[in-house]
Amino acid sequence: MELHDFLKVIRTRWATVLATTLVTALAAVAYSLLQTPLYEASTRLFVSTVGGTSASELYSGNRLSQERVLSYAQLLMGETLAQRTIDRLNLDMDARTLSEAITAKAKPDTVLIDVSVLDTSPVRARDIANALSEELVVMVRELETPAQGAAPDARVVVEQRATVPPEPEVPKKKRNLAVGILLGGILGAGLAILRDILDNTVKDRVQLEKVTGSGVVGVVPYDKGRRENPAIVFESDNSPTAESFRKLRTNLQFLSVDSPPRLIVITSSVPNESKSTTAINIALALAEADHNVLLIDGDMRRPSLARYLDMVGSVGLSTVLSGSASLDDATQESKFPRLKVLASGPTPPNPSELLGSRAAKKVLDELRDRYDYVIIDTSPLLAVTDGAILAAESDGAILLVRAGDTKRDQIAHSIGILNDVGATILGSVLSMVPNKRSGPYSYDYYGRTYGDRLPADALDRRATDPSR
Ligand SMILES: Nc1ncnc2c1ncn2[C@@H]1O[C@H](COP(=O)(O)OP(=O)(O)O)[C@@H](O)[C@H]1O
Ligand SMILES: [Mg+2]
């Protein structure tokens, strides 16, 4: 993964990174709050040896002090001195516990020892540090005094006494928070990358082309307005969504210049991929270009065209196929010029059978003669066979894929279904593409839709495929 890809993942999955960072930062704060505050009091000790007066004696005296400093540091952290300190201060703890709270560090190349004591009480921390230091002074005097009562070879002076620490040393709130945020950031980035690797949905047209193995004939942006008003008023609308449907119309007409597909099925893998909305707007875009268009609701199980277009849904395709109404009676005028609509009619008990019947084939053939274009909305392919049956009877199917939602294996499965029934796949449409960062005129949306490379590809395939 290159830096560029990494940044892209972080930018698109910033919420993951942010949430993880927040959680670890909160954990760090909680950790700080739960810790018992510990105060640290420090003293500094100076070690000197009784040396001679000559330079060499002074030098060796100094060396001796430096060596002693290391030993004294060990003594300070030992249990003997701890016990003496406990006795002196009448503390209610054992020597081992106290010795663990003591740190003594010999400063390299000096004769100084820094002693620090951690305790839950600031005053007691100070007292222990001072008492301990004084006990070392006494102990050194005992240890270093030769037997005959001569002057001791070395002695320790408390150079700096401890004071009451104003702030606790533990918890280190700021440091804990900083570590929490840093770890959260790293963890969040890792999670974001993991999610990206595990994410097998399709998000752009290049991925979609790869999965379907056919051209992408349209890219439709996510457009909130379509939820309220599925139908675009093409006469007055020049929004990016309207433009995307005009491009889609152009691409469809280019697909096969001599005999463009006219009976077109709109389908997809699963519900909510914008099939019905797209069917309406492809039909309207074609009507805008002076074609007579019939829009059919072939989704008898979850019909929505009548509802989306404020029309009557009780009479339609199922009524015609069952012979209860004539085509002319069931077809409704829409409020849009050149667009007629055949709703689904009541849901029959056997939609697949009805759609696969000879009557259905006859009706579709008749409609192909009557209109310039017939656009059929269908049920999702992975749910029922209705869509595949209609696709097989049509001039070609358009497979809708919802950006960032439909999974690769679902798409591959749908393509397999369409191929199995011998349907022509005109191409796919990437729907509901989020338009967060890329503006409406970004390259992603339209840059490549202008070219005729993809439709020409599709054409080639149709021409060379012997099953057509
Ligand atoms: N381009 C779009 N932008 C935003 N919402 C959309 C878009 N297309 C469809 N929708 C909404 O998504 C939902 C499903 O759309 P619909 O066309 O009914 O899908 P399907 O027929 O595949 O089940 C509906 O609420 C619809 O309003
Ligand atoms: Mg639908």
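**Reading strands, helices, pockets and charged pairs**

Reader: Which residue stands opposite Ala-104 in strand 3?

Author: Val-115 stands opposite Ala-104 in strand 3. Please bear in mind throughout that this is a predicted model. A second pair can be read from the same strand, where Asp-114 is the bridge partner of Lys-105.

Reader: How many bridges connect strand 2 and strand 3, and in which sense do these strands pair, parallel or antiparallel?

Author: Strand 2, residues 102-106, and strand 3, residues 112-119, are paired over five bridges in the antiparallel sense. The two form a hairpin with five residues between the strands. Within that hairpin, Asp-109 adopts a positive phi near 60 degrees.

Reader: What is the order of the strands in the sheet to which this hairpin belongs?

Author: The order is 2-3-1-4, an open sheet of four strands with antiparallel pairing. Strand 2 and strand 4 (154-160) are its edge strands, each pairing on one side only. On average, neighbouring strands of this sheet are turned by 25 degrees against each other, with direction ignored.

Reader: Which helices pack on this sheet, and what angles do they make with strand 1?

Author: Helix 3 touches strand 1 (39-49), strand 2, strand 3 and strand 4, and its direction makes about 145 degrees with that of strand 1. Helix 6 also packs on the sheet, touching strand 1, strand 2, strand 3 and strand 4, and for this helix the angle with strand 1 is about 20 degrees.

Reader: I should next like to read charged pairs. Which side chain meets that of Arg-68 in a salt bridge?

Author: The general idea is that side chains of opposite charge can pair when their charged atoms come close. Here the side chain of Arg-68 meets that of Glu-144, with 2.7 Å from N to O. This pair links distant parts of the chain, 76 residues apart: Arg-68 belongs to helix 3 (residues 55-76) and Glu-144 to helix 6 (residues 122-144). The count for the model comes to 25 salt bridges, with 4 Å as the cut-off.

Reader: Let us turn to the other sheet. How many strands form it, and which are the edge strands?

Author: Eight strands form this open sheet, in the order 5-12-11-6-10-7-9-8, and the pairing is mixed. Strand 5 (216-221) and strand 8 (332-333) are the edge strands, and each pairs on one side only. A parallel pair within the order is strand 6 (residues 263-268) with strand 11 (residues 396-402), joined by five bridges. In that pair, Ile-264 stands opposite Gly-396 of strand 11.

Reader: Which strands do helix 8 and helix 11 lie across?

Author: Helix 8 (residues 205-212) lies across strand 5, strand 11 and strand 12 (425-433), and runs at about 145 degrees to strand 12. Helix 11 (residues 275-288) lies across strand 6, strand 7 (293-297), strand 9 (339-342), strand 10 (373-377) and strand 11. With strand 10, helix 11 makes an angle of about 170 degrees.

Reader: How is empty space to be read, and how much of it lies in the second largest pocket?

Author: Rolling a probe the size of a water molecule over the atoms shows where empty space is left. In this model the second largest pocket holds about 600 Å³ of space. It is lined by 29 residues, of which Asn-272, Glu-273, Ser-274, Thr-277 and Tyr-308 are the closest to its centre. By type, the lining divides into 11 nonpolar, eight polar and 10 charged residues. Helix 11 gives the largest share of that lining, three residues. Among the other elements that supply at least two residues are strand 5, helix 10 (240-254) and strand 12.

Reader: Which residues line the largest cavity?

Author: Leu-317, Leu-321, Leu-355, Ala-360, Leu-364 and Leu-390 line the largest cavity, which encloses about 30 Å³ of space. Its lining consists of six nonpolar residues, with no polar and no charged ones. Helix 13 (317-321) and helix 16 (358-370) each supply at least two of the lining residues. The count of cavities of 30 Å³ or more comes to one.

Reader: Finally, backbone angles. Where does a cis peptide bond occur, and where does Asp-290 lie?

Author: The peptide bond from Val-170 to Pro-171 is cis, with omega near 0 degrees. Pro-171 lies in the loop between strand 4 and helix 7 (173-198). Asp-290 is placed in the loop between helix 11 and strand 7. Although it is not a glycine, Asp-290 has a positive phi of about 70 degrees.

Key: Residues numbered from 1 in each chain as written. Chains lettered and ligands numbered in written order. Predicted model: local features only at pLDDT ≥ 70, side-chain atom pairs only at ≥ 80, totals over all residues. Heavy atoms only, no water. Pairing = 2+ DSSP bridges. Contact = heavy atoms within 4.5 Å. Axes fitted to C-alpha atoms, helices over the stretch in contact; angles between N-to-C directions. 1 Å grid on protein atoms, 1.4 Å probe; cavity = no way out; pocket = protein on both sides within 12 Å on 5 of 7 lines; lining within 4 Å. Points joined across faces, edges and corners; volume = space filled by probe spheres on them. Nonpolar A, V, L, I, M, F, W, Y, C, P; charged D, E, K, R; others polar.
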